[in-house]
Each structure stands twice: as structure tokens, then as C-alpha cells.
Amino acid sequence: MKPIKIAIVLAVGALAPLTAGLAQQAPAPARSFEPYFTAPTNAPLTPDADGFLQRWLLLEPIVKPNRSNIGFTQSYVRAALTDFPGGTVAVPRDGALIKTPEPLRWHALDARLFDVKLFNFAQSLGKPVYGVIFHAVTVVDSPREMHNVRLAVGSNAASMWWVNGTEAVGLYGDRRMVMDDGVSQPLTLHKGRNIVRGAVINGPGLSDFCVRFVDAEGRPVRDLTIDLK
């Protein structure tokens, strides 16, 4: 039986009701990235034993006030997430800034766990953790052209995902992060560099995601490397 992974993390105040001032929420107290992230090394990283991609460029959260996740319909999520900073085929540099009313920075990080803890990422930077949008990018190098693979994603809450600029997976509504919650149609990974991009939107509660490629039989694809270049 295929294992099921569900990410559950308790954080002080994470389940507390949102106040009326969500749009002007006070930044979370800054905390260490540990134990959820480490700085990437210069060496390419391979997926974990279950095929999950753990090296990502993460953009500091964009404030998008939502007092509830119930309203994350397909139309709402698509309108909120399809304007991806830099487009869906460009790869930002670690430390690069994007121009917004408050400039936001990209961070290159390796996740210690199979899922990427976005709540803890924002919290570690003293950034807003509720009513936010997160953007993520990674670069997957394939040793050969791979046909009939699928992108398998879980997220808390709603999210959209692209491979090489083509939309692959959309997860809508209020949901917990469960592995392989959404699986793409069969796609092809090019030999060499492939760009995976995602955006996650959440109101109250925790935020995280997990991403891997699986083959036609649902087995994890592990002979890949990730280098963010």
C-alpha cells in the first residue's frame, strides 16, 4: 500500500481566529529556519527516498487578506495566482528582489522534511503568516527525456503548479497538505533542465506543500537532480 503523508505542525496561535485587521497583521516574531530548512550547498541535490523535491527558491509572502479558505474557488485561485513574478519560465537568483509596494526577496533553501513548511519560512523572517500568497521555483535536471511522468502535489491550502511554463496541477478549496492530492496529466521531462513553479494561497492556519514526479505506475522518480540554476 502506498504510504500517505500528512504534515501536522502545532504552532502557538496558528489556529487562533483572525482579527479584523488581517490586512495589516503584525509580522510574526522572527525565528530560526531550523529545524525546517538549511542553506543549499553548491552540490546538486537529489530527491528524497520517496521522490520529493526539497530544494526551492521561495519568495517572501505577498499579503492577500482572506479571513477564510472557503472562498478559494477555482476562479478566485486562478485570478490570484496566475500572475507569477517574472513569468513561468524565468528562474530568479537567490537574494533577488521583486518590485512591490514593499520589496520582496527570493530565498534559496533546502527543506529538511518531505514537505516545504511555508508558515515556518515566513515566521523565520518575521513576515506575515496568514492571508498570504507564496511563490516557489525549482530546477530539475533529468538524465534523459522522460515520457508519461506526472507531477504529484499536495498543498495547504489552494495552489497552482507549472512545468516548463505549462500549467500542470491546480488544487482549489480549503484543504490540508496530503501527498499526491493533485496529480497532473502525463507529461514529458526534457533531458537536462526543467523548471517547476508553484504558488500557494492561504488565509488562516498553516501553509506548506510537497511536490514529486511519479512514473506511469505511480512510483517516485528519483534519478533527478536539483540545482536552481
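## A walk through the structure, starting at Arg212

The side chain of Arg212 reaches the backbone oxygen of Asp50, at a distance of 2.8 Å. That is a good place to begin our walk through this predicted model. Arg212 itself sits in strand β14, which spans residues 208-214. Is Arg212 buried or exposed? With a relative accessibility of 3%, Arg212 counts as buried, because the cut-off for that word is under 20% relative accessible area.

Let us step back for a moment and look at the whole chain. The protein chain has 229 residues, and 53% of them are buried. Its secondary structure comes to two helices and 15 strands. Among the contacts with a separation of 6 or more, 84% are between residues 24 or more positions apart. The accessible surface comes to about 10600 Å², and carbon and sulfur atoms account for 55% of that.

Now for the interior. The largest nonpolar core holds 60 residues. Which residues have the most contacts inside this core? They are Trp56, Leu58, Leu151, Trp161, Phe209 and Phe213. Strand β7, residues 132-142, supplies the largest share of the core, with six residues. There is also a second, separate core of five residues, including Phe52, Met177, Met179 and Cys210.

Leu151 is a helpful residue to pick out in your view. Leaving aside residues up to four places away in sequence, Leu151 touches Trp161 and Phe213, and its other partners include Val163, Ala168, Val169, Val183, Leu187, Val196 and Val211. Arg212, where we started, is also on the list of residues that Leu151 touches.

Strand β7 deserves a closer look. How many of its residues are buried? Eleven of its eleven residues are. In a regular strand, side chains alternate between the two faces of the sheet. In β7, Val132, Phe134, Ala136, Thr138, Val140 and Ser142 point one way, while Ile133, His135, Val137, Val139 and Asp141 point the other way. The residues of both sets are all buried.

Which strands pair with β7? One of them is β13, residues 192-202, which runs antiparallel to β7 over eleven bridges. Here Phe134 has Val200 in β13 as its bridge partner. Strand β2, residues 55-59, also pairs with β7 in the antiparallel sense, over two bridges. Leu58, which we met among the core residues with the most contacts, has Ala136 of β7 as its bridge partner.

Two further strands join in. Strand β3, residues 62-63, pairs with β7 over two bridges in the antiparallel sense, and Ile62 stands opposite Ile133 of β7. Strand β15, residues 225-226, is joined to β7 by two bridges, and these strands also run antiparallel. In that pairing, Val140 has Ile226 as its bridge partner.

Our last stop is Leu206, in the loop between β13 and β14. Is this loop residue buried or exposed? Leu206 is buried, because its relative accessible area is 17%, and the cut-off is under 20%. Look also for Asn120: Leu206 and Asn120 are 86 residues apart along the chain, with 8.5 Å between their C-alpha atoms. From the loop that holds Leu206, the path leads back to β14 and to Arg212, where our tour began.

Definitions and conventions: Residues numbered from 1 in each chain as written. Predicted model: local features only at pLDDT ≥ 70, side-chain atom pairs only at ≥ 80, totals over all residues. Heavy atoms only, no water. Core = buried A, V, L, I, M, F, W, Y, C linked by side-chain atoms within 4.5 Å. Buried < 20%, exposed > 50% of the residue type's maximum accessible area, 1.4 Å probe, protein only. Helix = DSSP H or I, 4+ residues; strand = E, 2+ residues; numbered from the N terminus. Contact = heavy atoms within 4.5 Å. Pairing = 2+ DSSP bridges. Polar contact = N/O pair within 3.5 Å; in protein donor to acceptor, adjacent residues only side chain to side chain. Areas by Shrake-Rupley, 256 points an atom, 1.4 Å probe, with all protein chains shown as cover.
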